[in-house]
Amino acid sequence: MQLSQLDFPPELITVLEKTGISNLNPPQVAAIKAGLLQRQNLVVAAPTASGKTFIAELAFLKNFLGNGKTVYLVPLKALASEKYHEFKEKYEHIGMKIAISIGDLDSTEDWLKKYDLIIASNEKMDSLLRHNVNWISEISLIISDEIHLLNDPSRGPTLEIVLTRLRALTN
């Protein structure tokens, strides 16, 4: 499906065209139809390389255009670094301020308040929540990459508490 066939805001179409995207695949179209751009909560389960990351990008771009703050949660520092570099290259030129937070687990990182997209490891976000950082209430979109890890005995409990607390503390 082509972007022009969807009911996208003109600003979003412009941003997407600049990244070389003109067609969406079936899972992406299904997410749009399920309310992705109308702030509906979604769980996207699709095969590897089916475009799940781009679904997340559509969500955080729409959020950015509405002056929202997004937290993009990942389970591994390496994945956080990969997403940080990928998104920075694709979206920094449109004015999106992108940060990564994976370091010292026991810090407040107040500097993150000024960023539009914060890529954080699940463990780092847990630490930030325990420190009651003052910008948490400003988050308007939460994306959890690798959500299937909820079932992992070593990582699942941290992810579950992070998502539960974020949902309670954000709009």
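**Reading salt bridges in a predicted model**

Q: Is lysine 83 buried or exposed?
A: A residue is called buried when its relative accessible area is under 20%. In this predicted model, lysine 83 has a relative accessibility of 6%, so this residue counts as buried.

Q: With which residue does lysine 83 form a salt bridge?
A: To recognise such a pair, one looks for a side-chain nitrogen of Lys or Arg within 4 Å of a carboxyl oxygen of Asp or Glu. Lysine 83 pairs with glutamate 86, and their closest N and O atoms are 3.9 Å apart. Glutamate 86 is partly exposed, at 26% relative accessibility.

Q: Why are lysine 83 and glutamate 86 separated by about one helical turn?
A: Both belong to helix H4 (residues 77-91), and because they are 3 residues apart there, about one helical turn lies between them.

Q: Where in the structure do aspartate 126 and arginine 130 lie?
A: Both are in helix H5, 4 residues apart, which is about one turn of the helix. Their side chains meet in a salt bridge at 3.4 Å, N to O. Aspartate 126 is buried, with a relative accessible area of 16%.

Q: What distance, N to O, is found in the salt bridge of glutamate 138 and lysine 113?
A: The distance in this pair is 2.6 Å. The two residues are 25 apart and link distant parts of the chain: glutamate 138 is in the loop between helix H5 (122-130) and strand E4 (139-144), and lysine 113 is in the loop between strand E2 (98-101) and strand E3 (117-121). Glutamate 138 is partly exposed at 34%, and lysine 113 is partly exposed at 38%.

Q: How many salt bridges does the structure hold?
A: The structure holds 6 salt bridges.

Technical notes
Residues are numbered from 1 along each chain as its sequence is written. This is a predicted model: local features need pLDDT of at least 70, side-chain atom pairs count only at pLDDT 80 or more; totals for chains, interfaces and linings use all residues. Side-chain values use heavy atoms; hydrogens and water are left out. Buried means under 20% relative accessible area, exposed over 50%, partly exposed in between (1.4 Å probe, protein chains only).
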